[in-house]
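Here are a few short exercises to work through with the model open in your viewer. Try each task before you read its solution.

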Amino acid sequence: MKHWARADGLSSAAANSPDVRRTLRNRSRYEVANNSYARGITLTLANDVVGTGPRLQMLTADDAANRFVEAEFFAWAEAVGLAEKLRTMRLARVSDGESFGLLTSNERVDATVKLDVRLIEADQVASPTLVADRSRYIDGIQFDADGNPLSYDVLREHPGDVTFTIDEEFDTVPAAAVLHYFRCDRPGQIRGIPDITPALPLFAQLRRFTLAVLAAAETAADFAGILYTDAPANGEADAAEPFEPIELEKRMLLTMPGGWKMAQMRSEQPSTTYAEFKKEILNEIARCLNMPFNVAAGNSSGYNYASGRLDHQTYFKSIRVEQTQLARVVLDRVLIAWLREAILIEGYLPNSLRTLDSTFEHQWFWDGHEHVDPAKEANAQKIRLTNHTTTLAIEFARQGRDWETELKQRAKEVSLMRELGLSASDETQPQTSTKVTEDNAEDTARAA
């Protein structure tokens, strides 16, 4: 009964009320800021999801226009620090549950297009005190009859700022200019909660157990030794004052009172199980983020090749899902806003892109993940290409690279090598190693 005492039937909006989200944000931020494991897990996740930043590939029929937009968008992204802002948004989702970005104009942006993305914390998107929540106005967000956000109320000052006043001045920003990045866990959910919410009690347990082990070791170290006697009460042992400290000098031979012995204190607290407890608690903490233990702990000493690869496959699949959401919620909208700003600049865009069309085909490339055994992966890649079960576009995309760009670069290199009388590597076909094939079969069997 006590276990289920906190169960309720609240809606997603009521369960994630402003007070509840504020408490969870404060606790999560404190844990991430002061717990080394929480900080490391958060940084690793943001680096794996965003990496060095996404790359745009336009897929319209005009190749020259595609290359122009890709180059200009990349230059703009570098000017505004888009990759750093995306990593910050992913970090904020872990500790705050959500992140907001405002599409604004910034004349100091060192690019032709002056669009900028200004990040704000979730605390600033809230219903002002004098504005009551209604059926279509919740937590500072105005919705239409279909549940689509129309506008966001953004406080001009952070509620935690020393300059924050009771007046609560705010701006109403159209939904088209707001990027709201969070994970929706329940139907009808409009605000996010920290990703590490389920792990908050576990961090506290890990901290308590660590302090208990440390306290036991310190207690044992505080006593150089204790005096004890096997004689019965009122026996033949000399009288000794109980709990009386004795100052000891270095390298001195001491005599004990008659009938008394000296022994050292030993830590009877089960410190030998500390490593195992720590491993299990970290594994449970990382599970809510779909992160394997060796990634969360930064330690793969207990893994074999097959186990590590299987765990990474699940983790990388989760990363791909997050990258897809980030591209849809943030990047696609940023690209549309960038194109709209670029169209307004006379003579900037090629004629084929002068009319904004939402059907502009494009895709985003992310950093690839290095294989633990590059030789085996290269051999498997060669086999897939030989039996036509994959394409160069797919293989290069796994590495976060554009296949057209890479092939053009490779053609230039091969042409120059021939011009210089050097042997081009792609003219020789290395034989497939039987040993590598046997290793692949062995790893597959071990994994099964």
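## Exercise 1: a residue at a strand start

Glu98 sits in strand β2, which covers residues 98-105. The model is a predicted one.

**Task.** Work out whether Glu98 is buried or exposed, and find which residues Glu98 touches.

**Solution.**
- Step 1: take the relative accessible area of Glu98, which is 1%. Buried means under 20%, so Glu98 is buried.
- Step 2: list the contacts, skipping residues up to four places away in sequence. Glu98 touches Arg21, Ala92, Arg93, Ala122, His180, Tyr181, Phe182, Arg191 and Gly192.
- Step 3: pick out Gly192 from that list. Glu98 and Gly192 are 94 residues apart in sequence, yet their C-alpha atoms are 5.1 Å apart in space.

## Exercise 2: the two sides of a helix

**Task.** Which residues of α2 are buried, and which are exposed?

**Solution.**
- Step 1: get the helix itself. α2 runs over residues 18-34, and its 17 residues reach 24 Å from first C-alpha to last, close to the 24 Å expected.
- Step 2: collect the buried set, which is Arg21, Leu24, Arg25, Ser28, Glu31 and Val32. They cover an arc of only 140° around the axis, so they fall on the same side of α2.
- Step 3: recall the geometry. An α-helix has 3.6 residues a turn, so residues three or four places apart point the same way.
- Step 4: turn to the other side of α2, where Asp19, Arg27, Tyr30, Ala33 and Asn34 are exposed.

## Exercise 3: following the salt bridges

**Task.** Arg93 forms a salt bridge with which residues? Then look at the pair Arg156 and Asp171.

**Solution.**
- Step 1: start with Asp195, whose closest N–O distance to Arg93 is 3.1 Å. Arg93 is in helix α5 and Asp195 in the loop between β8 and α6, so the pair ties together parts 102 residues apart in sequence. Both residues are buried.
- Step 2: go on to Glu322, where the closest N and O atoms are 3.9 Å apart. This pair links helix α5 with helix α9, 229 residues apart, and Glu322 is buried, as is Arg93.
- Step 3: check Arg156 and Asp171, with closest N and O atoms 2.8 Å apart. Arg156 lies in the loop between β6 and β7 and Asp171 in strand β7, so the pair ties together parts 15 residues apart in sequence. Arg156 counts as partly exposed at 48% relative accessibility, and Asp171 does too at 34%.
- Step 4: assemble the network. Through shared partners, salt bridges join Arg90, Arg93, Arg183, Asp185, Asp195 and Glu322 into one network.

Terms used
Residues numbered from 1 in each chain as written. Predicted model: local features only at pLDDT ≥ 70, side-chain atom pairs only at ≥ 80, totals over all residues. Heavy atoms only, no water. Helix = DSSP H or I, 4+ residues; strand = E, 2+ residues; numbered from the N terminus. Expected span 1.5 Å × (residues − 1). Buried < 20%, exposed > 50% of the residue type's maximum accessible area, 1.4 Å probe, protein only. Arc of directions from axis to C-beta. Contact = heavy atoms within 4.5 Å. Salt bridge = Lys/Arg side-chain N within 4 Å of Asp/Glu carboxyl O.
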